[in-house]
Structure formats: C-alpha cells, structure tokens
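Here's a quick walk through how this chain packs together on the inside. Have the viewer open while you read.

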Amino acid sequence: MARVLPRPRSPLAAVRRWYEEELGWPTTGTEPVELLTGRRFDVLEMPAGAGSAVLRRLPHTGPVALVRAGCDGNHPGDRPKLLMLIAAGGAEELPGILEWLEWGALVPDLTARGTGDRMPAPAFPTGAAPSYGFGSREAARWVRPPRPGYAENSLPTTGLRAGNGDDRGVPDLVRLVSAAATECHRARLLRAGNAQSDRAYGDQPLAFSNASRMSAGTRPRSLTL
C-alpha cells in the first residue's frame with residue numbers, strides 16, 4: 001500500500017497564521033490572503049505618488065502598505081496605491097473631515113476602507129518571519145511595517161489619545177487627512193498641467209473657489225494644522 005505523504009503547507013497559510021496569531025488581525029480565510037478592515041483598524045487610501053509625498057511630510061505614522069498596480073481589483077493600467085492604517089472608525093469620519101477642511105469632493109483619489117472592506121495582506125516585514133518563498137509576486141508590501149508591540153491605540157485618530165507612550169510623533173487623523181488631501185490634489189493638478197487626461201475622474205473642475213489657494217496647494221483650515 002502506497003504511503004500517503006502530508007500535503008506541503010501552503011505559504012499563504014503561514015502568512016494568514018502570522019497575521020492572526022502575531023498581530024491578532026482577522027483575515028478573510030481565503031487565498032490570496034486579505035486583511036479585514038473595520039475591526040482592528042481602518043485604511044486611508046490614496047495614489048502612491050501622493051502618499052509618498054505625505055510620508056516625506058510626516059515621518060511618523062501608523063503602518064503603511066503599497067499595493068502594486070493592477071492588483072487589489074485594479075485594472076492593469078491603474079496606478080499603485082498607498083494604504084495608511086488609521087484607527088477603526090476613521091473611514092466613517094473621512095467625509096466629515098474633508099468637509100470641515102473645505103476640501104469637499106475635490107479629492108476623489110482620497111478614500112477609505114472600513115467596516116465590511118478588506119485589503120491585501122502584504123508579505124512579512126523583513127526579519128519578522130520566514131518568507132516561505134512568498135513575497136516575489138505579492139499584491140502588496142509594507143513600506144512602514146507594524147512594529148513589535150504594535151497597538152491599535154497608537155494609530156492616527158481624532159480626539160485625545162490614551163497616551164501609552166507608543167504614539168509619540170504620530171499625527172492625529174485630521175492632520176493626516178489634511179496632508180493627504182493636499183498632496184492628492186497637487187498630484188492631480190500636476191497631471192493636468194502635463195496634459196494628461198483627467199477624464200477618469202469625471203468632469204469636475206480642478207479649480208478651487210479662490211485661485212490663490214490652488215497655487216499654494218492647500219486649504220485655509222489646512223494652514224492651521
């Protein structure tokens with residue numbers, strides 16, 4: 001009788017186990033592995049170019065992941081995206097924050113994922129766990145990986161923090177959204193200035209109510225943050 005050998009352990013199963021056991025983040029239980037948002041964290045989503053500018057302005061944030069072009073339901077010609085982890089509930093606050101900052105619907109590139117949504121599970125951060133050959137073709141990778149001892153209460157949020165000492169330098173959600181909206185709109189203006197088509201974003205005009213604000217790349221309330 002032929003000996004039955006155990007099936008090799010899926011590298012994606014190791015990825016799922018690392019996120020669920022090491023970080024306590026729920027996953028979809030499917031392949032490819034995806035992380036459920038709206039439970040332990042929400043996600044602020046923007047084009048990678050604008051997101052890189054935000055990271056240069058804000059050296060300390062929560063974990064940040066980069067999603068490759070053509071992945072995560074994108075079309076092959078779509079641009080890569082940057083996903084910034086924010087406190088759970090932040091996705092619901094985003095429209096109100098944009099309205100308060102007087103951005104309104106001027107930044108369609110800036111969106112959020114919250115309850116009922118998901119994001120691709122990036123490969124293990126370097127040195128966090130064995131790669132099991134996973135990581136060469138993953139949909140996402142960590143730009144700023146979760147640190148050891150990571151805690152959700154250190155993520156960008158509105159209001160006062162619990163103050164556990166792990167959130168020093170992390171911007172509040174309003175400041176983060178202000179920077180992200182500014183960079184998303186600046187990138188869009190640059191694309192228009194380079195004679196690139198902006199039809200994918202509809203026929204919405206690119207101008208602010210005051211032209212001088214557009215040249216500064218910011219909004220009145222943003223200057224106070």
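Contact here means heavy atoms within 4.5 Å. Keep in mind that this is a predicted model.

**Two helices meeting**

With that cut-off in hand, start with H3 and H4. On the H3 side, Gly90, Glu93, Leu94, Ile97, Leu98 and Trp100 take part, and they meet Leu173, Val174, Val177 and Ala181 in H4. Sort the residues of this contact by character and you get eight nonpolar, one polar and one charged.

Two packed helices are described by the angle between their axes and the distance between the axes. For H3 and H4, the axes come within 10 Å and cross at roughly 65°. As for handedness, H3 passes H4 in a right-handed crossing.

**The cores**

Both helices also feed the largest nonpolar core, which has 28 residues. The ones with the most contacts inside this core are Leu44, Met46, Val54, Met84, Leu98, Leu110 and Val177. Which elements supply at least two residues each? They are strands E2 (42–47), E3 (64–67) and E4 (81–86), plus helices H2 (48–57), H3 (90–100) and H4 (173–193). H4 gives the most, with eight residues.

Leu98 is a handy one to click on. Leaving out residues up to four places away in sequence, Leu98 touches Trp103, Gly104, Val107, Leu110, Val177 and Ala181. Val177 and Ala181 belong to the H4 side of the helix contact too.

Apart from the largest core lies another one, of 23 residues, including Ala14, Leu83, Leu85 and Ala121.

**The rings**

Now for the aromatics. How many aromatic pairs are there? The count comes to four. Ring pairs link Trp18, Tyr19, Trp25, Phe41 and Trp142 into a cluster. Two of the pairs look like this:

| Pair | Centre to centre | Angle between planes | Type |
|---|---|---|---|
| Trp18 and Tyr19 | 4.9 Å | 80° | edge-to-face |
| Tyr19 and Trp25 | 5.9 Å | 15° | stacked |

Why is the pair of Tyr19 and Trp25 stacked? Planes under 30 degrees apart count as stacked, and the planes of Tyr19 and Trp25 are at 15°, so the pair gets that label.

Are these rings buried or exposed? Trp18 and Tyr19 are both buried. The cut-off for buried is under 20% relative accessible area; Tyr19 has 0% relative accessibility and therefore counts as buried. Trp25 is buried as well, with a relative accessible area of 1%.

Notes:
Residues numbered from 1 in each chain as written. Predicted model: local features only at pLDDT ≥ 70, side-chain atom pairs only at ≥ 80, totals over all residues. Heavy atoms only, no water. Core = buried A, V, L, I, M, F, W, Y, C linked by side-chain atoms within 4.5 Å. Buried < 20%, exposed > 50% of the residue type's maximum accessible area, 1.4 Å probe, protein only. Helix = DSSP H or I, 4+ residues; strand = E, 2+ residues; numbered from the N terminus. Axes fitted to C-alpha atoms, helices over the stretch in contact; angles between N-to-C directions. Left-handed = near helix turned anticlockwise from the far one by under 90°. Nonpolar A, V, L, I, M, F, W, Y, C, P; charged D, E, K, R; others polar. Phe/Tyr/Trp six-rings, centres within 6.5 Å; stacked < 30°, edge-to-face > 60°.
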